[in-house]
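Here is a short set of exercises to work through at your own pace. Have your viewer ready and try each task before reading its solution.

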Amino acid sequence: MSLQDDLTAVRRNLNELVRSVERLERDVEDAARKAPATPRAPRQEGMVPVPDTPYDSSLWKDADDEGLGARGRRAP
């Protein structure tokens, strides 16, 4: 393929992408008009309590310490 062929293919794909996005925007607008307005659940922000109790050690079985290598071996 020549550079011109590549550019033509890119333009064609870009035009197809633009058309697809336009169709998607229309579909979303149509769906928003047809769908009844439902209240959204309030966003819960703030601190999440983390218990002081130790984690179950079986959760970490066979896990490597990220960046430190495998457990029981020395890091370089």
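The exercises below go from the whole chain to a few side chains, and they use a predicted model.

**Exercise 1. The chain as a whole**

Task: Find how many helices and strands the chain has, and describe its accessible surface.

Solution:
- Step 1. Start with secondary structure: there is one helix, and there are zero strands.
- Step 2. Locate the helix: α1 covers residues 3–34.
- Step 3. Turn to burial. Of the 76 residues in the chain, 3% are buried.
- Step 4. Add up the surface. The accessible area of the chain is about 8100 Å², and carbon and sulfur atoms account for 55% of that.

**Exercise 2. A nonpolar patch**

Task: Work out which residues make the nonpolar surface patch, and decide whether Val18 is buried, partly exposed or exposed.

Solution:
- Step 1. List the members: Leu14, Leu17, Val18 and Val21 make the patch, which has an area of about 330 Å².
- Step 2. Place Val18 on the chain: this residue belongs to helix α1.
- Step 3. Check the class. Val18 has a relative accessibility of 38%, and the partly exposed class lies between 20% and 50%, so Val18 counts as partly exposed.

**Exercise 3. The salt bridges of Arg33**

Task: Identify the salt-bridge partners of Arg33, and explain how they are placed along the helix.

Solution:
- Step 1. Recall the principle: side chains of opposite charge can pair when their charged atoms come close.
- Step 2. Apply the cut-off, which asks for a side-chain nitrogen within 4 Å of a carboxyl oxygen. The count by this rule is two salt bridges.
- Step 3. Take Glu29 as one partner: its closest O atom and the closest N atom of Arg33 are 3.8 Å apart. The two residues are four apart in helix α1, so about one helical turn separates them.
- Step 4. Take Asp30 as the other partner, with an N to O distance of 3.1 Å to Arg33. Here the spacing in helix α1 is three residues, again about one turn.
- Step 5. Compare accessibility. Arg33 is exposed at 62%, whereas Glu29 at 45% is partly exposed, and Asp30 at 32% is partly exposed.
- Step 6. Put the pieces together: Glu29, Asp30 and Arg33 form a linked network of salt bridges.

Note on methods
Residues are numbered from 1 along each chain as its sequence is written. This is a predicted model: local features need pLDDT of at least 70, side-chain atom pairs count only at pLDDT 80 or more; totals for chains, interfaces and linings use all residues. Side-chain values use heavy atoms; hydrogens and water are left out. Patches are made of residues with over 30% relative accessible area and no salt bridge: like charges are joined within 9 Å, nonpolar side chains (Val, Leu, Ile, Met, Phe, Trp, Tyr) within 5 Å. Accessible areas come from the Shrake-Rupley method with a 1.4 Å probe; for residues, only the protein chains shown count as cover. Buried means under 20% relative accessible area, exposed over 50%, partly exposed in between (1.4 Å probe, protein chains only).
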